[in-house]
Amino acid sequence: MPQEISVSYQAIKSKVYRLIDALVVGEKTESEIQESIRRWWELIHPADRPIAQKYLLIVLERSCLALDAVEGSLMQATQKEAIRPPETSKVLKMMGRVVKPTALSSPPI
């Protein structure tokens, strides 16, 4: 019997935040995170993938905005220029590698 994977917004947000935390504390590398997402994606039923993709992209976008806000506040507080430009596009490129290109071009649900 195949394992059921929840594609609720909360479940996906929790998955992403656990992976981010594992990377931040050094429990996983970037390549391990990518492999974890690939395995997770394969467990999602194909009919559920459009909504899972939608929620995943929302969580990633909001996470990037939050990180950019933290970085911006830090730069203002320390009166220094940004160390690096925002990398929101990097997240979308990463999603392009995880999700098949045909799935990305499907209309949103």
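These questions and answers test a few labels on a predicted model against their cut-offs.

Residues are numbered from 1 along each chain as its sequence is written. Local features need pLDDT of at least 70, side-chain atom pairs count only at pLDDT 80 or more, totals for chains, interfaces and linings use all residues, and side-chain values use heavy atoms, without hydrogens and water.

Me: What makes the contact of Arg 38 and Glu 35 a salt bridge?
Reply: The term needs a side-chain nitrogen of Lys or Arg within 4 Å of a carboxyl oxygen of Asp or Glu. Here the N to O value is 3.6 Å, so the pair qualifies. A search of the whole structure finds 1 salt bridge.

Me: Where do Arg 38 and Glu 35 lie?
Reply: Both are in helix 2, 3 residues apart, about one turn of the helix. Helices here are DSSP runs (H or I, at least four residues), numbered from the N terminus.

Me: Why is Arg 38 called partly exposed?
Reply: Buried means under 20% relative accessible area and exposed over 50%, with partly exposed in between (1.4 Å probe, protein chains only). Arg 38 has 35%, so the middle label applies. Glu 35, at 34%, is partly exposed too.

Me: How do you know that helix 2 meets helix 3?
Reply: Contact means heavy atoms within 4.5 Å. Trp 40, Trp 41 and Glu 42 in helix 2 meet Arg 49, Ala 52, Gln 53 and Leu 56 in helix 3.

Me: Which label fits Ile 20, and where is this residue?
Reply: Ile 20 sits in helix 1 (residues 9-24). Its relative accessible area is 39%, therefore partly exposed.

Key: Helix = DSSP H or I, 4+ residues; strand = E, 2+ residues; numbered from the N terminus.
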